[in-house]
Amino acid sequence: MPAEYQRILAAVRAAGSPVATRQIGEALGADTGVRGKLEPLRGKPTKPADRGWLHKRPDGKFTVRP
């Protein structure tokens, strides 16, 4: 698994509850106050979810697969 996805998984695990993309970005140190910086981050947690490493809830938040 790529290092970037490992960091995303670690951020979701550390949260302990469903997290939004903005919260993942904050945990990764991204500048989430600027919309243009947040948009590229939106697809990053989706890829691990597509591969079964994360679960994307209907409300758009992410959780760790059991």
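The following exercises, each with a worked solution, concern the fold, the core and the charged pairs of one chain.

The model is predicted, so local features need pLDDT of at least 70 and side-chain atom pairs count only at pLDDT 80 or more, while totals for chains, interfaces and linings use all residues. Residues are numbered from 1 along each chain as its sequence is written, and side-chain values use heavy atoms, with hydrogens and water left out.

**Exercise 1.** Determine how many helices and strands the chain has, and in which order the elements run.

*Solution.*
Step 1. Helices (H or I, at least four residues) and strands (E, at least two) are DSSP runs, numbered from the N terminus.
Step 2. The chain contains 4 helices and 2 strands.
Step 3. Read from the N terminus, the order is α-α-α-α-β-β.

**Exercise 2.** Identify the residues of the largest nonpolar core and the element that supplies the largest share of this core.

*Solution.*
Step 1. A nonpolar core is a set of buried Ala, Val, Leu, Ile, Met, Phe, Trp, Tyr and Cys residues joined through side-chain atoms within 4.5 Å. Buried means under 20% relative accessible area, exposed over 50%, and partly exposed in between (1.4 Å probe, protein chains only).
Step 2. The largest such core has 9 residues, namely Tyr5, Ile8, Leu9, Val12, Val19, Ile24, Ala49, Leu54 and Phe62.
Step 3. Helix H1 (residues 3-15) supplies the largest share, 4 residues.
Step 4. In soluble globular proteins, nonpolar side chains tend to be buried together.

**Exercise 3.** State whether Thr63 is buried or exposed, and list its contacts beyond four places in sequence.

*Solution.*
Step 1. Thr63 belongs to strand E2 (residues 62-64).
Step 2. Its relative accessibility is 19%, so Thr63 counts as buried.
Step 3. Contact means heavy atoms within 4.5 Å. Apart from neighbours within four places in sequence, Thr63 is in contact with Val12, Pro18, Leu54, His55 and Arg57.

**Exercise 4.** Find the salt bridges and explain which parts of the chain the pair Lys44 and Glu4 ties together.

*Solution.*
Step 1. A salt bridge is a side-chain nitrogen of Lys or Arg within 4 Å of a carboxyl oxygen of Asp or Glu. By this rule there are 2 salt bridges.
Step 2. In one of them, the side chains of Lys44 and Glu4 meet at 2.7 Å, N to O. Lys44 lies in the loop between helix H3 (35-38) and helix H4 (46-50) and Glu4 in helix H1, so the pair ties together parts that are 40 residues apart in sequence.
Step 3. Arg57 forms a salt bridge with Asp59, with the closest N and O atoms 2.7 Å apart.
Step 4. Arg57 is partly exposed at 30% relative accessible area, and Asp59 is partly exposed at 47% relative accessibility.
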